[in-house]
Amino acid sequence: MRLSRYFLPLLKEAPREAEIVSHRLMLRAGMIRQQSAGIYAWLPLGLRVLRKIETIVRQEQDRSGAIELLMPTIQSADLWMESGRYNDYGKEMLRIQDRAERAMLFGPTNEEMITEIFRAYVKSYKDLPLNLYHIQWKFRDELRPRFGVMRSREFLMKDAYSFDLDEAGARQSYHRMFVAYLRTFARLGLQAIPMRADTGPIGGDLSHEFIILADTGESQVFCDRAYLDMRVPGADVDFGDGAALARIVEAWTTPYAATDEMHDEAAWADVVPPARLSARGIEVGHIFYFGTKYSAPMKAHVTGPDGRDHAVHMGSYGIGPTRLVAAIIEAFHDENGIKWPRSVAPFDLGIINMKPGEAAVDAVCEDLYARLGTAGFDVLYDDGDERAGAKFAAMDLIGLPWQVIVGPRGVAEGRVEIKNRADGSRQTLTPDEAFNRLLADGTAREPAG
Ligand code: 5CA
């Protein structure tokens, strides 16, 4: 992509309403634009990051055996009357009337709808276990939307729903999602800690929030430092091996970890003081087991091996891709801007032409741009006329993992400079060496895993 033809509306000043660094940087880097309180348009650079996050989430859901579908954003209130949540959900639900004055709503979550789909088709335990997910926009009329897309009113959610014959099966489904979440967040470059959590309006008695530690987090959390050294399962983890998954979950739930609402002072006292980590956290995922809370009132039954009817045992599993964009920036930035992990960077690298119009410089830039593109890199080529300082600042702000800086003096000596955004290190190389160095780094299209 040539910057001169791209749509990248950068802001010089940090807008005053933005209280946290990720919100400031997303506005300054031209990633999002607010349309009304807690409702944002995703501009091209922001959308690229969002799509990369979605892809990783999708790959790990698929790997764990979950199956993607797509449900609508607008739901009929009738379904929610059946489950009994229509009145309970309160003011967070955006209620709508259609022209026939039927009560509709903009979905804040999809337990009811997926239960309706399930009961329409699945009648036998032989079709279980089943886990269906979608990645769809949600609306919650939050009392205090704030921090940009971190707590917005309209947001994207990956929500998965598992169906099993009984509690033992449902626990295995819970384990599969738990392990898929560990892998998902690790691939996004994040260290997410599963913590015992409250279930709120979703219900049930078993629940974990996946939390990343950040000073700007909205929740107070308590955990054992042991989590910081734990290794996430590799791509070869066998989602068909229930015992192996149970061992992984056991290992990841044994050290103490709880959110404020679930904090247990007595258990906390047993954690030796140097291991105690009390910090702020951002909830990036939340998983629930709630048994027959929806299947019983909505009559989602299957015939069991005993020939009798059983209400299925369900769980639901959420991840917030839009919130994750902000959470990743909270974890990866410096005073000059964003430092994207490679897996979610909007482009793999940027080429900065320091002297557009000078034939020798243009030739080196064009050649690298073409070769890197052919090699599978997403390249943003700054071919514009801004002064050098502004170009460097813009490239640092948008945080691509690598910068290739091409100027007249270097070109005269057959050299370009490459800069690593994460650690600031620079190397002066021939264009061929730079190409090979980037290729060796493997920034281009990382294979899943
Ligand atoms: N039905 C369940 C699981 S599918 C559910 O709705 N869970 S949730 O309420 O915990 O939301 C799941 C995830 O959506 C959260 O972990 C968070 O990452 C994201 N999320 C929730 N509310 C917001 C919000 N207001 N803004 C941005 N992301 C949000």
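**Exercise 1. Find where Lys299 lies, and decide whether Lys299 is buried or exposed.**

Solution. Lys299 sits in the loop between strand S13 (276-291) and strand S14 (301-303). The model is predicted. Next, take the backbone: Lys299 has a positive phi of about 55°, although it is not a glycine. Most residues other than glycine have a negative phi. Now the surface. The relative accessible area of Lys299 is 60%. Exposed means over 50%. Lys299 is therefore exposed.

**Exercise 2. Do the same for Phe147: which loop holds Phe147, and is Phe147 buried or exposed?**

Solution. Start with the loop: Phe147 is found between S7 and strand S8 (154-164). Its phi is positive, about 60°, and Phe147 is not a glycine. Then check the surface. Phe147 has a relative accessible area of 11%. The cut-off for buried is under 20%, so Phe147 is buried.

**Exercise 3. Identify the kind of peptide bond that joins Leu128 and Pro129, and place Pro129.**

Solution. Omega is about 0° for this bond, and the bond is cis. Most peptide bonds are trans. Pro129 belongs to the loop between helix H5 (111-121) and strand S7 (130-139).

**Exercise 4. State how the chain is divided and how far apart the C-alpha centres of domain 1 and domain 2 lie.**

Solution. The chain splits into domain 1 (3-338) and domain 2 (349-441). Their C-alpha centres are 38 Å apart. The contact takes 15 residues from domain 1 and 11 residues from domain 2.

**Exercise 5. Find the residues that touch the most other members of the largest nonpolar core, and work out where this core lies.**

Solution. The core has 81 residues, and Met31, Phe185 and Trp340 touch the most other members. Helix H6 (residues 167-187) gives the most to this core, with 9 residues. Domain 1 (3-338) and domain 2 (349-441) both give residues, so the core lies between them.

Look at Met31 itself. Leaving aside neighbours within four places in sequence, Met31 is in contact with residues including Trp42, Val325, Ile338 and Trp340. Another core, of 26 residues, lies apart from the largest one. Among its members are Ala77, Tyr89, Phe118 and Met314.

**Exercise 6. Describe the largest cavity: what lines it, and where does it lie?**

Solution. A search of the whole structure finds 1 cavity of 30 Å³ or more. The largest cavity holds about 50 Å³ of space. Its lining includes Leu3, Leu380, Lys391 and Ile398. Strand S20 (379-382) and helix H11 (388-398) each give two or more residues to this lining. H11 has the largest share, 4 residues. By class, the lining has 7 nonpolar, no polar and 2 charged residues. Both domain 1 (3-338) and domain 2 (349-441) give residues to the lining, so the cavity lies between them.

**Exercise 7. Describe the largest pocket and the second largest pocket by volume and lining.**

Solution. First, the largest pocket. Its volume is about 940 Å³. Of the 41 lining residues, Arg140, Arg151, Glu283, His286 and Arg323 are the closest to its centre. S13 gives the largest share, 7 residues. The classes are 15 nonpolar, 14 polar and 12 charged residues.

Then the second largest pocket. About 500 Å³ of space lies in it. It is lined by 21 residues, and Leu10, Lys12, Glu386, Ala390 and Ala394 lie nearest its centre. H11 gives the most to this lining, with 7 residues. Its classes are 9 nonpolar, 4 polar and 8 charged residues. Domain 1 (3-338) and domain 2 (349-441) each give at least three residues.

Terms used: Residues numbered from 1 in each chain as written. Predicted model: local features only at pLDDT ≥ 70, side-chain atom pairs only at ≥ 80, totals over all residues. Heavy atoms only, no water. Buried < 20%, exposed > 50% of the residue type's maximum accessible area, 1.4 Å probe, protein only. 1 Å grid on protein atoms, 1.4 Å probe; cavity = no way out; pocket = protein on both sides within 12 Å on 5 of 7 lines; lining within 4 Å. Points joined across faces, edges and corners; volume = space filled by probe spheres on them. Nonpolar A, V, L, I, M, F, W, Y, C, P; charged D, E, K, R; others polar. Domains from an automatic or database assignment. Core = buried A, V, L, I, M, F, W, Y, C linked by side-chain atoms within 4.5 Å. Contact = heavy atoms within 4.5 Å.
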